[in-house]
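Colleague: Got a minute to go through this model with me? I'd like to start with the helices.

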Amino acid sequence: FIMVQAAWCSACTEIRPQWDALAKMMENVDEVVIATLDAEENDPPSRYFPENFIPNIKLFRKGQKNRPAKFNYAPTLEGLVEFIHEQTGISMKDAQEARYPAYK
């Protein structure tokens, strides 16, 4: 799951705390990697990011790399969580169990 962003972008700055919270929540879930690509320092591959806007958020599913899913939910933590669940079947309950295995 990757967000193309830049420090000067106000929309990127607004979603960044939610993105960071999502990354923390998902850090022990091996099936999902949360990543950020700085558009000022890197050129996103136009094959996967033909759009010229930021933030640009897409999920690259295993085995379907050539067809990334575009994030089209509210730019909130809840929207990010719902999108991941819809695309991967991984819920926040799954993420919490991965983070705190003793509480299963």
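Colleague: At what angle do α1 and α2 pack?

Modeller: This is a predicted model, to be clear. Helix α1, residues 10-26, packs against α2 at an angle of about 45°. The two axes are 9 Å apart. That angle makes α1 oblique to α2, because it falls in neither the range under 35 degrees nor the one from 65 to 115.

Colleague: And which hand is the crossing of α1 and α2?

Modeller: The crossing is right-handed.

Colleague: Which residues meet there?

Modeller: From α1, Q18, W19, A21, L22, M25 and M26. From α2, L77, L80, V81 and I84.

Colleague: How do the residues of that contact divide into nonpolar, polar and charged?

Modeller: Nine are nonpolar, one is polar and none is charged.

Colleague: Let's take A21. Where is it, and is it buried or exposed?

Modeller: A21 is in helix α1. Its relative accessibility is 28%, so A21 counts as partly exposed; the cut-off for buried is under 20%.

Colleague: How far apart are A21 and L77?

Modeller: In sequence, 56 residues. In space, 7.5 Å from C-alpha to C-alpha.

Colleague: Now α2 itself. What span should the helix have, and what are its ends doing?

Modeller: Helix α2 covers residues 77-88, which is 12 residues. At 1.5 Å a residue, the helix should span 16 Å. Its end C-alpha atoms are 16 Å apart, so the two values agree.

Colleague: Which residues of α2 are buried?

Modeller: G79, L80, V81, F83 and I84. L80, V81 and I84 also turn up in the contact with α1.

Colleague: What about spacing in a helix: why do residues three or four places apart point the same way?

Modeller: An α-helix has 3.6 residues a turn, so residues at that spacing face the same way.

Colleague: What comes just after α2?

Modeller: G89, with a positive phi of about 85°.

Colleague: Switching to prolines. Which peptide bond is cis?

Modeller: The one from I54 to P55, with omega near -5°. P55 sits in the loop between β2, 35-38, and β3, 56-59.

Colleague: Where is P44, then?

Modeller: P44 is also in the loop between β2 and β3. P44 has a relative accessible area of 25%, so it is partly exposed.

Colleague: What does P44 touch, beyond its neighbours within four places in sequence?

Modeller: P44 is in contact with V4, L37 and F49.

Colleague: And how far is P44 from N56?

Modeller: They are 12 residues apart in sequence. Their C-alpha atoms are 10.0 Å apart in space.

Methods:
Residues are numbered from 1 along each chain as its sequence is written. This is a predicted model: local features need pLDDT of at least 70, side-chain atom pairs count only at pLDDT 80 or more; totals for chains, interfaces and linings use all residues. Side-chain values use heavy atoms; hydrogens and water are left out. Helices (H or I, at least four residues) and strands (E, at least two) are DSSP runs, numbered from the N terminus. The expected span of a helix is 1.5 Å times one less than its number of residues. Buried means under 20% relative accessible area, exposed over 50%, partly exposed in between (1.4 Å probe, protein chains only). Axes are lines fitted to C-alpha atoms, for helices over the stretch in contact, and angles run from 0 to 180 degrees between N-to-C directions. Angles under 35 degrees count as roughly parallel, over 145 as roughly antiparallel, 65 to 115 as roughly perpendicular and the rest as oblique. A crossing is left-handed if the near helix is turned anticlockwise from the far one by less than a right angle, and right-handed if clockwise. Contact means heavy atoms within 4.5 Å. Ala, Val, Leu, Ile, Met, Phe, Trp, Tyr, Cys and Pro count as nonpolar, Asp, Glu, Lys and Arg as charged, and the others, Gly among them, as polar.
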